[in-house]
Amino acid sequence: MPKYAAMTTVTDRDFQNVQELATLWGEIAAEIENNHDAELKESYATLGEYDFIVIYDVEDQDDAFQVALSIERHGLDTQTMAIEDTDNFAELVDDI
């Protein structure tokens, strides 16, 4: 199953406190799992250019778009990309 990473920044939404932001992540995770053909694998709060990284598995690119749009619907900006495990990447390189 393809794996994607959404690099996420908080942009359009005002949060009263960090607890509200944490609650939002619970809502987003539930929406991803329940409304899309996706499995949320991991999410991280980060320091630097992005505020969060969300990693999820989906059946196809259309589902990846739907997940990214769901995250953005909550006032967060995403940059989504397909990702590959480095062990599998090494195998792909060996085949070239």
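Q: Why is Glu39 called partly exposed in this predicted model?
A: Its relative accessible area is 36%, and because the class in between runs from the 20% limit of buried to the 50% limit of exposed, Glu39 counts as partly exposed.

Q: What makes the contact between Glu39 and Lys41 a salt bridge?
A: The side chains of Glu39 and Lys41 come to 3.4 Å, N to O, and since the cut-off is a nitrogen of Lys or Arg within 4 Å of a carboxyl oxygen, the pair is a salt bridge. Lys41, at 37% relative accessibility, is likewise classed as partly exposed.

Q: How do you know that Lys41 also forms a salt bridge with Asp57?
A: The closest N and O atoms of Lys41 and Asp57 are 3.8 Å apart, which is within the 4 Å allowed. This pair links distant parts of the chain, with Lys41 in strand 2 and Asp57 in strand 3, 16 residues apart. Through shared partners, Lys3, Glu39, Lys41 and Asp57 are joined by salt bridges into one network.

Q: Why is Asp57 called buried or exposed?
A: Asp57 has a relative accessible area of 8%, and because buried means under 20%, Asp57 is buried.

Q: What makes Arg73 and Glu31 a salt bridge, and where do the two residues lie?
A: Their closest N and O atoms are 2.5 Å apart, which satisfies the limit of 4 Å. Arg73 belongs to helix 2 and Glu31 to helix 1, 42 residues apart. The two partners fall into opposite classes, because Arg73, at 58%, is exposed, whereas Glu31, at 12%, is buried.

Q: Why is the aromatic pair of Tyr4 and Tyr56 called stacked?
A: The ring centres are 6.2 Å apart, with 15° between the planes; because rings pair when their centres lie within 6.5 Å and planes under 30 degrees apart count as stacked, the pair of Tyr4 and Tyr56 is stacked. Tyr4 lies in strand 1 and Tyr56 in strand 3, so the pair ties together parts that are 52 residues apart in sequence. Both tyrosines are buried.

Q: How do you know that strand 2 and strand 3 pair?
A: Seven bridges join strand 2 (residues 38–45) to strand 3 (residues 52–58), and because at least two bridges are required, the two strands pair; they run antiparallel. One of the partnerships is that of Tyr44 with Ile53. The two strands form a hairpin with six residues between them, and Gly48 in the turn has a positive phi of about 120°.

Methods. Residues are numbered from 1 along each chain as its sequence is written. This is a predicted model: local features need pLDDT of at least 70, side-chain atom pairs count only at pLDDT 80 or more; totals for chains, interfaces and linings use all residues. Side-chain values use heavy atoms; hydrogens and water are left out. Helices (H or I, at least four residues) and strands (E, at least two) are DSSP runs, numbered from the N terminus. Rings of Phe, Tyr and Trp (its six-membered ring) pair if their centres lie within 6.5 Å; planes under 30 degrees apart count as stacked, over 60 as edge-to-face and the rest as tilted. Buried means under 20% relative accessible area, exposed over 50%, partly exposed in between (1.4 Å probe, protein chains only).
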